[in-house]
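User: Please take a close look at the surroundings of the ligand in this model, and then set that site in the context of the helix packing around it and elsewhere in the chain.

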Amino acid sequence: MDLAQLRDAIADVDRALLELLRRRMDLAAQVGQVKAAQGLPVVVRDVEDRVLTRARQHAEACGVSPEIMEAIFAAVIRGSVERQHRVGVELRRQRGQKVLVVGGAGAMGGWFRHFLSLVGHQVEALDPAWSPVPPSEGLYTRLADVPLSQYAFIIVAVPLDRTPAVLSEIVGLRPPGLVVEIASIKSHLEEALREAEETGVRVACLHPMFGPGKSPYQSLTFVLACRREPELEQQTILPLLQHPYTHVIPVPFPHHDRLMGWLLGLAHLTGMLFGRALAASGLDPRELAACASTTFERQAATAASVLSEDPDLYLDIQRLNPHRHQVYEATRKSLEELVKLVEAGDREGFRQLMQEARQALPELNGRP
Ligand SMILES: O=C(O)C(=O)C[C@]1(C(=O)O)C=C[C@@H](O)C=C1
C-alpha cells in the first residue's frame, strides 16, 4: 500500500472505532438508567481498574506504552461516566431537593446552577443583576420576593467581600434550610456566622477548590470548614453534592484560612510574581514562546491562568486572609536565602535547600 492507501485504511479503522465507541456509550447509557433507578453510584472504581488493566495488558500487542493505552481508556471511561450521569438526571430529579442560588448571575453562581441541576436538584436563583429583565419562573431579583422557607439549601455565591453582608441578611430572615456559603476566605465571616449560631440558622462553610471554568465531569474538590462536628457537617452537605466526581474534605474552621494562605495565596502570588518579573525583562514574548523550555512552558501556563482571573477577587483573596504575612515573609526569606547561596556558590547549602523544599511537595511526598 502507498501512503494515500494507508491513510484511507486508517480512516476506515477510525470509522469502525467511532462506531464501536457509539455502541459502548449506548451501553453505558443503559447502565446509567439502571443505576439511577436503583440509586447506585455511577463510578465503580474496581470495574474501572479492570478495564484499565485490560488496556495496559494490550499495550504490547499495539506496540505502544501501557501509559498511552491506559490514558485512552481512562478518557473513554470519563465519557462513559458523563453519559451515564446525564441520562440519570431526570430520574434523580425525583429525589432532588429545592435549592436557591443567591448570586446566580455571577460566574460561580452560574456554575452551581448548572452543577446542582445535573445532581438532580430543582434549582432557582436570585440576582439583582437580572433587574432589567422581566423575571421568569424560579428567577428572582429581590430577596424580599423569594419564598425562602421552601428551600432545602440556599447557596450564597456572591463576591468575596460582599459575602458577610449577604449572609447576615439571609440569616436575619431565619430560613429553615441549610445556608451554604462558598467564600474562598472565611475569617471575615465570623460575625455573620456567630449571628447564625445565636439564632439557630444552620450555615455550612463550603469552598469549591476550582473556578467557574471547571467541567463537572472532572475531580471536584470541596473543602468544608467545620465549626463543630466534621462528621455531622459532612453528612448534612452530602445530599447537596451527590455526584460521581465530588470529594468533600473537612478541615477545622480556624485552619481553613491558614491552609488557603498557601494553597491559594502562595500559588497566586508566585504566578503573579512570575509574570511581573518577566514583564520587567523586556524580552519579546514571541521569542520566549519559540525557545521555551518544558519548565518555562508549565510555569507560564500557570501564571497565564492566574493572571487571566478577576483582579478584584484575587486582591480580596490576598487582602482578606489574616495569615498572608506568613506567606509573604516566607517568600521574601526564601528568595534572600537562595540569592545568598548562589552568590556564594554554596553547593552543599543549595543541595540542602532543594532537599528541604522537596519535602513540602505533594507531588513527591503527600499523595493521599
Ligand atoms: O460497569 C459499570 O458499572 C459501568 O458503569 C461502566 C464503566 C465503563 O465505562 O467501563 C463506567 C463507569 C464505572 O466507573 C465503571 C465502568
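Analyst: In this predicted model, α4 provides four residues of the shell around the ligand, which is the largest share. Helix α4 spans residues 66–87, and α1 (3–38) and α2 (45–57) join α4 in each supplying at least two residues of that shell. Taken along the chain, the residues that surround the ligand are Ala28, Val31, Val43, Val44, Val47, Glu48, Val51, Ile77, Ser80, Val81 and Gln84. By class, eight residues of this shell are nonpolar, two are polar and one is charged.

Two of the helices that contribute to the shell also pack on one another: α2 and α4 meet at an angle of about 145°, and their axes are 8 Å apart. The crossing of this pair is right-handed. On the α2 side the contact is made by Glu48, Val51, Leu52, Ala55 and Arg56, and on the α4 side by Pro66, Met69, Glu70, Ile72, Phe73, Ala74 and Ile77. Divided by class, this contact of α2 with α4 has nine nonpolar and three charged residues, with no polar ones. Glu48, Val51 and Ile77, which take part in this helix contact, are also among the residues that surround the ligand.

As for annotation, an unreviewed UniProt entry places the feature "domain: Chorismate mutase" at residues 1–88. Over residues 1–88 the model is 85% helix and 0% strand, and the end C-alpha atoms of this span lie 47 Å apart.

Further along the chain, helix α7 (residues 163–172) packs with helix α8 (residues 190–199) at an angle of about 10°, their axes being 9 Å apart, and α7 and α8 are therefore roughly parallel to each other. Here Pro164, Leu167, Ser168 and Val171 of α7 meet Glu191, Ala192, Glu195, Ala196 and Thr199 of α8. The residues in this contact of α7 with α8 comprise five nonpolar, two polar and two charged.

A further pair is formed by helix α10 (residues 253–281) and helix α14 (residues 324–344), which pack at an angle of about 50° with their axes 10 Å apart. Helices α10 and α14 are therefore oblique to each other, and their crossing is right-handed. The contact draws on Gly261, Trp262, Gly265, Leu266 and Leu269 from α10, together with Arg324, Gln326, Val327 and Thr331 from α14. In terms of class, the contact of α10 with α14 holds four nonpolar, four polar and one charged residues.

Terms used
Residues are numbered from 1 along each chain as its sequence is written. This is a predicted model: local features need pLDDT of at least 70, side-chain atom pairs count only at pLDDT 80 or more; totals for chains, interfaces and linings use all residues. Axes are lines fitted to C-alpha atoms, for helices over the stretch in contact, and angles run from 0 to 180 degrees between N-to-C directions. Angles under 35 degrees count as roughly parallel, over 145 as roughly antiparallel, 65 to 115 as roughly perpendicular and the rest as oblique. A crossing is left-handed if the near helix is turned anticlockwise from the far one by less than a right angle, and right-handed if clockwise. Two residues are in contact if their C-beta atoms, placed from the backbone, lie within 7 Å. Ala, Val, Leu, Ile, Met, Phe, Trp, Tyr, Cys and Pro count as nonpolar, Asp, Glu, Lys and Arg as charged, and the others, Gly among them, as polar. A residue is near a molecule or strand if its C-beta atom, placed from the backbone, lies within 6 Å of it. UniProt positions are given in the numbering used here, feature names are shortened, and annotations may be inferred rather than shown by experiment.
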